[in-house]
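Here are my notes on the model you asked me to look over. I have kept them as numbered points so that you can follow along with the structure open.

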Amino acid sequence: MDNSRLFLYAALAFVGLLIWEQWKADYDPKPEPIAQQQQNQQSRNLSSSQSTIQQGSDLPEMVAAPGQLNNLAGDDTTGKLIHIETDVIEAKIDTVGGVIKSLKLKKYPVDVAHKDDFMEMLYNKQDEIYVVQNGLRSSNSPAPTHYSHFTTAQDRYELKSGQEILQVPFTWVEDGIQVTKTYIFKRGDYLIDVKHRVDNQSAQPWAGSQYRQIQRSRPLETSKILYTYTGAVVFNEEIKYDKIDFDDMESQPLQLQSKGGWAAMLHHYFLSAWVAKPEEQNLLYSIASTKRYPVTYTIGMRSENIEVGSGTNGEFNSQLFVGPKLVDRLEEISPGLELTVDYGALTFISKPLYMLLAFFNGIVGNWGFAIILLTILVKALFYKLSEKSYKSMARMRMVAPRLKVLKERFGDDRQKMNQAMMDLYKTEKINPLGGCLPMLVQMPVFIALYWALLESVELRQAPFILWINDLSVMDPYYVLPVIMGISMFIQQKLNPAPPDPVQAKVMMALPLVFTVFFAFFPSGLVLYWVANNILTIAQQYVITKRIESGVEK
């Protein structure tokens, strides 16, 4: 196999990988539901006493009580919105349900041109919904759901200078049962503690459970070029990391007994997740509300019952994370939560590459230069393999005129042509696979680096130099894609010319095709490709000149 053909195949394979990822997102058959045998086994491990998790027909009521389904859509609220502000978030909590109706990330503007227009993670709009909900459920006693009316002492809560914790309590009272729902915000953190304290001043014992859920509609816009997963994920030590996408929720609602773990909704760079206590038994569930507009999808967890005797109190605790996919912080919060930074099948390569990228950024303070340094390091690690490949290409380039003569001599007799080529390779001590294998070994690393760059929220709105002020979006002036196309053209000139005229024409068109294709890629990915190409050209040029001058054999 000549190396120019290999280069063509490798380039087309990379494009094919991107197309394949998008095709899977749209048309891939959905995985089978979690085996019933596994659910039954986990169910047997749970207590069969009164504290057993309630499951079955009452789950849809957590999403909407009869007649309340349409009340979730739109911006109208029947309660008062309480404003919350810390150093990193702005939130609005509705006194109806005591639930967060809006949450903005102050360190993540919508775009670089509007620094004061913060990204809104949670919202409740006419055509699009993304909210978190929580409450208590009891079959025999009063309990506040996310439709119940709460009261609070203030209309606004703000984390003051020098203050590390901000507590926001909401109170609900009915028939001698008082529930205080408290949100605890911390400085510099996107993790929120949520507590329900049940004070039973009635004459009867109170028994109930807590539920926590995330509800959203499908995104109105998705990238057709760069696919990243948007949907739900659940995790515990038994099932590990399991994606439950929107189609899964419609075809087979999830109901799974779980110990600890978390339930989350993901989209590119950001996530929201309810995190259970490690020892807590829960029912993980999903619900698709297809008879409403917009259609919504819910992922949640419900705890086992606890009993609060007359004159006593009890407490439910949980944690809510709403923010960016920062690997180090996610690792601290809960096992497996860092997997929401989805590098795919090559995580074992992508994650170390990301760590190196972060290390270089810590040194130079610029993610663009960090990408260049990482590219140099990767090229250095594969220097010897690349050297063998380029030496093979250089020798192939030297015998290219003789191969052309053989083609003219034998014409369409491919058998004689191939035999003559093999004799020539043997005489010149050329291994036709010498340039293939080193390149094939490196391809998984290049693909893993692609995913590491694509999934890193740190590159979002990260400036490089001059006109590039956001490495996560396309180059506004297409300078990097053009440089990349030119570098691909130069690489072709250093490679042996394909003997097949049709293949030669395809190779000539390839730089133009890739220039157009990469024009819509995030500039950080194009920067990596440009840096890699320039280093490759330098290395290949030096080796080719040495071979042609006879310095190296």
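1. The protein's secondary structure comes to 13 helices and 19 strands. Please keep in mind throughout that this is a predicted model. Of its 553 residues, 53% are buried. The accessible surface comes to about 25,700 Å², and carbon and sulfur atoms account for 56% of that surface.

2. A word on how the chain folds back on itself. Taking contacts between residues at least 6 apart in sequence, 69% join residues that are at least 24 apart. One salt bridge, described in point 6, gives you a concrete pair to look at: its two parts are 130 residues apart in sequence.

3. Next, strand β11, residues 231–236. Is this strand buried or exposed? Six of its six residues are buried, so β11 is largely enclosed by the rest of the structure. It has two pairing partners to look at. With β12 (residues 240–244), β11 pairs in the antiparallel sense over five bridges, and the two strands form a hairpin with three residues between them. Within that pairing, N236 has K240 of β12 as its bridge partner. With β14 (residues 262–267), β11 again pairs in the antiparallel sense over five bridges; here F235 is matched with W262 of β14.

4. Helix α9 is worth a look down its axis. The helix runs over residues 414–427, which makes 14 residues, and spans 20 Å from its first C-alpha to its last, close to the 20 Å expected at 1.5 Å a residue. Its buried residues are M417, A420, M421, L424 and Y425. Seen along the axis, these buried residues fall within an arc of 140°, so they line one face of the helix. Why would such a spacing put residues on one side? An α-helix has 3.6 residues a turn, so residues three or four places apart point the same way. The face of α9 turned away from the buried side carries the exposed residues Q415, K426 and T427.

5. On to charged pairs. Side chains of opposite charge can pair when their charged atoms come close. The structure holds 17 salt bridges. One of them joins E158 and K160, at 3.7 Å from N to O. E158 is partly exposed, with a relative accessible area of 37%, and K160 is also partly exposed, at 48%. Another joins R197 and D199, at 3.2 Å from N to O. In that pair R197 is partly exposed, with 34% relative accessible area, whereas D199 counts as buried at 15%, because the cut-off for buried is under 20%.

6. The salt bridge I would open up on screen is K325 with E455, whose closest N and O atoms are 3.8 Å apart. K325 lies in the loop between β19 (313–324) and α5 (327–333), while E455 belongs to helix α10 (residues 436–455), so the pair ties together parts that are 130 residues apart in sequence. Are these two residues buried or exposed? Both K325 and E455 are buried.

7. Finally, which residues are linked in a network of salt bridges? D189, R329 and E332 are.

How values were computed. Residues numbered from 1 in each chain as written. Predicted model: local features only at pLDDT ≥ 70, side-chain atom pairs only at ≥ 80, totals over all residues. Heavy atoms only, no water. Helix = DSSP H or I, 4+ residues; strand = E, 2+ residues; numbered from the N terminus. Expected span 1.5 Å × (residues − 1). Buried < 20%, exposed > 50% of the residue type's maximum accessible area, 1.4 Å probe, protein only. Arc of directions from axis to C-beta. Salt bridge = Lys/Arg side-chain N within 4 Å of Asp/Glu carboxyl O. Pairing = 2+ DSSP bridges. Contact = heavy atoms within 4.5 Å. Areas by Shrake-Rupley, 256 points an atom, 1.4 Å probe, with all protein chains shown as cover.
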